[in-house]
Each structure stands twice: as C-alpha cells, then as structure tokens.
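Have a look at the sequence and the model, and try each exercise before reading its solution. Pen, paper and a structure viewer will do nicely.

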Amino acid sequence: MSSVSRILAATRLSLSASARAYTTAASKAPNASTEGYYKVTQTRSLIGVPKSTIKVLKSLGLGRKIGRPVFQPHEPSAAGKILKVKELVKVENMVGPIPPEGFQRTRATKGYKVVGKMF
C-alpha cells in the first residue's frame with residue numbers, strides 16, 4: 001500500500017467519524033430553526049450591484065421596494081444569504097410568530113371598481 005493510499009484511507013475514516021458525530025449532535029439539539037425569524041429590510045439601492053448579489057436579494061424576497069420588510073426563518077440558508085447582502089439590508093432578530101403586518105402587501109388601491117360586464 002502506497003503512502004498516498006494510506007493517507008486517503010485515514011482521511012476517509014476521520015471524515016466518516018466526524019460526519020457521524022455531527023449527525024448525532026444535530027439530532028440531539030433542540031429545533032431552533034422554528035423559534036424565530038429574521039426581519040430583513042432593504043436599505044440601499046441595487047444600482048451598480050453585481051448580478052449575483054441581485055439574485056440573492058431576490059431570493060430573499062427583496063429588491064422591489066426599499067424599506068419593505070421580509071421575514072425569513074432562522075435557518076443556515078437564510079443566514080448565508082443575509083451575510084451575502086449585509087451591506088444592502090438591515091436585519092432584526094424576532095422571537096415568536098410573524099406579526100400580521102408581515103404578510104400585508106404595500107400596494108395602493110386601484111382607484112376604480114368593476115361593477116359588471118359590458119357584453
């Protein structure tokens with residue numbers, strides 16, 4: 001057995017042992033992902049920002065209006081996206097359920113009402 005194959009075999013053993021330790025530790029940890037939310041508010045414009053950053057901001061649900069909050073659960077994927085666009089957003093940590101105003105859209109009324117069909 002060559003020295004390279006011995007190193008690879010030792011690396012595989014250590015990786016599988018650490019992966020096992022991680023899965024057992026993660027399964028024993030309490031479920032903290034459903035206990036709270038990040039309140040993410042866009043504070044800066046997207047002008048001059050790279051396209052990859054704009055895509056991350058869109059995946060968070062932002063990018064249309066500055067100042068409109070979006071609620072993201074406490075998850076590693078949301079935290080990574082927030083870190084990617086940290087210069088463009090303001091983040092607040094919220095505990096408990098999402099407030100009812102979090103689901104309302106800030107859209108103006110149409111100004112007219114359809115009464116019936118013409119034909």
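Below are five exercises on this predicted model, each followed by a worked solution.

**Exercise 1. Overall layout**

Find how many helices and strands the protein chain has, and the pattern they follow along the sequence.

Solution. Start by counting elements: the protein chain has 3 helices and 3 strands. Next, walk along the sequence, and the pattern reads α-β-α-β-α-β. Then turn to burial: of the 119 residues, 20% count as buried. The surface comes next, with about 9600 Å² exposed by the protein chain, 61% of it supplied by carbon and sulfur atoms. Finally, take the contacts between residues at least 6 apart in sequence; 74% of them join residues at least 24 apart.

**Exercise 2. The sheet**

Work out the strand order of the sheet and which strands stand at its edges.

Solution. Begin with the order, which is β2-β1-β3 in an open sheet with antiparallel pairing. β2 and β3 (89-95) each have a single partner strand, so they stand at the edges and one side of each lacks a neighbour in the sheet. As for twist, neighbouring strands are turned by 25° against each other on average, direction ignored. Now add the helix: α3 (residues 76-84) packs on the sheet and touches β1, β2 and β3. The direction of α3 makes about 25° with that of β1.

**Exercise 3. Strand β1 and its partners**

Determine how many bridges join β1 to β3, and how many join β1 to β2.

Solution. Recall first that strands of a sheet pair through backbone hydrogen bonds, either parallel or antiparallel. On one side, β1 (residues 36-42) is joined to β3 by 7 bridges, with the two strands running antiparallel. Two of the residue pairs can be named here: Val40 has Val91 as its bridge partner in β3, and Lys39 has Glu92. On the other side, β1 and β2 pair over 5 bridges, again in the antiparallel sense. Within β2, Pro69 stands opposite Thr41. The last step is burial: 5 of the 7 residues of β1 are buried, so β1 is largely enclosed by the rest of the structure.

**Exercise 4. The nonpolar core**

Identify which residues have the most contacts inside the largest nonpolar core, and which elements give two or more residues to it.

Solution. The largest nonpolar core has 13 residues. Those with the most contacts inside it are Val40, Leu57, Leu62, Ile82, Val85, Leu88 and Val89. Sorting by element, β1 and α2 are the ones that give two or more residues to this core. To see one member close up, pick Leu57 and leave aside its neighbours within four places in sequence. Leu57 is then in contact with Gln42, Leu46, Leu62, Gly63, Val85, Leu88 and Val89.

**Exercise 5. Two loop residues**

Is Arg68 buried or exposed, and what does the side chain of His74 reach?

Solution. First place Arg68: this residue is found in the loop between α2 (51-59) and β2 (69-73). The relative accessibility of Arg68 is 17%, and the cut-off for buried is under 20%, so Arg68 counts as buried. The side chain of Arg68 reaches the backbone oxygen of Gly61 at 3.2 Å.

Now move to His74, in the loop between β2 and α3. Its side chain reaches the backbone oxygen of Tyr37 at 3.4 Å. The side chain of His74 also makes a polar contact with the side chain of Asn93, at 2.6 Å.

Terms used
Residues are numbered from 1 along each chain as its sequence is written. This is a predicted model: local features need pLDDT of at least 70, side-chain atom pairs count only at pLDDT 80 or more; totals for chains, interfaces and linings use all residues. Side-chain values use heavy atoms; hydrogens and water are left out. Helices (H or I, at least four residues) and strands (E, at least two) are DSSP runs, numbered from the N terminus. Buried means under 20% relative accessible area, exposed over 50%, partly exposed in between (1.4 Å probe, protein chains only). Contact means heavy atoms within 4.5 Å. Accessible areas come from the Shrake-Rupley method with a 1.4 Å probe; for residues, only the protein chains shown count as cover. A polar contact is a pair of N or O atoms within 3.5 Å; within protein, one must be able to donate a hydrogen and the other to accept it, and residues adjacent in sequence count only if both atoms are side-chain atoms. Two strands pair if DSSP finds at least two bridges between them. Axes are lines fitted to C-alpha atoms, for helices over the stretch in contact, and angles run from 0 to 180 degrees between N-to-C directions. A nonpolar core is a set of buried Ala, Val, Leu, Ile, Met, Phe, Trp, Tyr and Cys residues joined through side-chain atoms within 4.5 Å.
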